[in-house]
Structure formats: C-alpha cells, structure tokens
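Student: Could you take one small part of this protein and walk me through it slowly? I'd like to see where it sits and how the rest of the fold is arranged around it.

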Amino acid sequence: MRETLVLNASFEPLATVSLRRAVVLVLQGKAVVEQARPGRRVRGPAVEVPAPQVIRLCRYVRVPFRRRAPWSRRGVLVRDGHRCAYCGRRATTVDHVVPRSRGGEDSWLNTVAACAEDNHRKADRTPEQAGMPLLNLPFEPTPAESLLLAAGAYGAPSRRGAAS
C-alpha cells in the first residue's frame, strides 16, 4: 500500500495522498499521524518520522458534499477484494453483468471483479444465460467507503447479500 488516507479535522475521510505528500503535511504541521505503518520509518538527514498510513488535518477543510463514489475498474476490483464473483479465485478483470453490447453500462451495480477465464467463459451473456451464478451481488460503495478501500485502511466491506 503506497497511499495514505487523509482525514479531515472531524475525522471524516477526505482523500488519499502519496506517502511523500503525507510526510510533507506532517512535517509542515498541517497534519498529525493517526496511524503509522508498523515497523516503517521515513528518515532524512535531520529528521525521522513514522511512515504514516492515516493522517488527520489540524484544521477543518470544508468540502462540497459528494453523493456518489466515481466508478472505476480499479474501484470495482478493490470493492470485490480482487476476488472473482463467479469462482472466488483471484480477479484481474472487470465483467459486466449485463454485457455492454446489450445495453449494460459501466456502473457499480453492473460490474463485478472476475478472473480472465470466467470473464471469457461468460462472454456476451448474462450470468443466468451462461449458467454462472454470482457468488456476491454488486453494490455501490459510499464515497467514504471507496476512499477507505482505496487507501487500504480496512478490508473489503462484507458482501451485501449473495445472489440466489
């Protein structure tokens, strides 16, 4: 994990930043380390600080309310814990539940993580047509969940119901 989660002064997640940016914010006194990476430290000629995993800003930053987390292929893989929705093995691709050729779109509720073999086997069919039931239903993470998942601050959220 190379990214550091940035919390607002009120402890709400704001963004993820690089380790370097997080250290700069801490050294400038704009943030404090809430959680450090165990056993890792960042050293310079005159300073040594724990490598931050989560930092909190010292001053509150007002941000516009975001209703939805932006969809991305990486986000789907992270949401599903890099596990195939059809067989449970390691997933490297994203599959559309309703294929794009049949009007399916790039959305949280229409995409799942899949291994390349199952993605190819399902092809241009729905899971029902292919006889490949989903182990878990796709869901839309909240903006806060997507930030926490991207930062790796906690594991993938529990799956919200299995497909029947």
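Tutor: Sure, let's start with L135. With a relative accessible area of 39%, L135 counts as partly exposed, because that label covers values between 20% and 50%. Keep in mind that you're looking at a predicted model. L135 is found in the loop that links α4 (127-130) to α5 (143-151).

Now look across from that loop. L135 and A85 are 50 residues apart in sequence, yet their C-alpha atoms are 5.4 Å apart in space. A85 itself belongs to the largest nonpolar core, a group of ten residues. Among the other members are C84, Y86, V97, V112 and, from the stretch just before our leucine, M132 and L134.

Pick V97 out of that core and see what it touches. Not counting neighbours within four places in sequence, V97 is in contact with L134 and P138, and also with residues including N110, V112, K122, R125 and P127. Apart from this core lies another one, made of nine residues, with L14, A22, A31 and L57 among them.

While you're at C84, have a look at C87 too. The sulfur of C87 has its closest cysteine sulfur in C84, 3.7 Å away, and that's too far for a bond, because a disulfide needs the two sulfurs within 2.5 Å. In fact, the structure holds zero disulfides. C87 is partly exposed, at 34% relative accessible area, and C58 is partly exposed as well, at 41%.

Let's move on to the sheet. It's an open one with four strands in the order β2-β1-β4-β3, and the pairing is mixed. The edges are taken by β2 (13-18) and β3 (31-43), each with a single partner strand, so one side of each has no neighbour in the sheet. On average, neighbouring strands here are turned by 35° against each other, if you ignore direction. In the middle of that order, β1 (residues 3-7) and β4 (residues 48-57) run parallel and are joined by three bridges. You can find L7 standing opposite R56 in β4. Helix α1 (residues 19-27) packs on the sheet, where it touches β1, β2, β3 and β4, and its direction makes about 85° with that of β4.

How far can you trust all this? The average pLDDT is 87, and 89% of the residues score at least 70. Be careful with residues 157-164, though: pLDDT stays under 50 there, even though the model gives that stretch 21 contacts beyond four places in sequence.

How values were computed:
Residues numbered from 1 in each chain as written. Predicted model: local features only at pLDDT ≥ 70, side-chain atom pairs only at ≥ 80, totals over all residues. Heavy atoms only, no water. Buried < 20%, exposed > 50% of the residue type's maximum accessible area, 1.4 Å probe, protein only. Pairing = 2+ DSSP bridges. Helix = DSSP H or I, 4+ residues; strand = E, 2+ residues; numbered from the N terminus. Axes fitted to C-alpha atoms, helices over the stretch in contact; angles between N-to-C directions. Contact = heavy atoms within 4.5 Å. pLDDT = per-residue confidence, 0-100. Core = buried A, V, L, I, M, F, W, Y, C linked by side-chain atoms within 4.5 Å.
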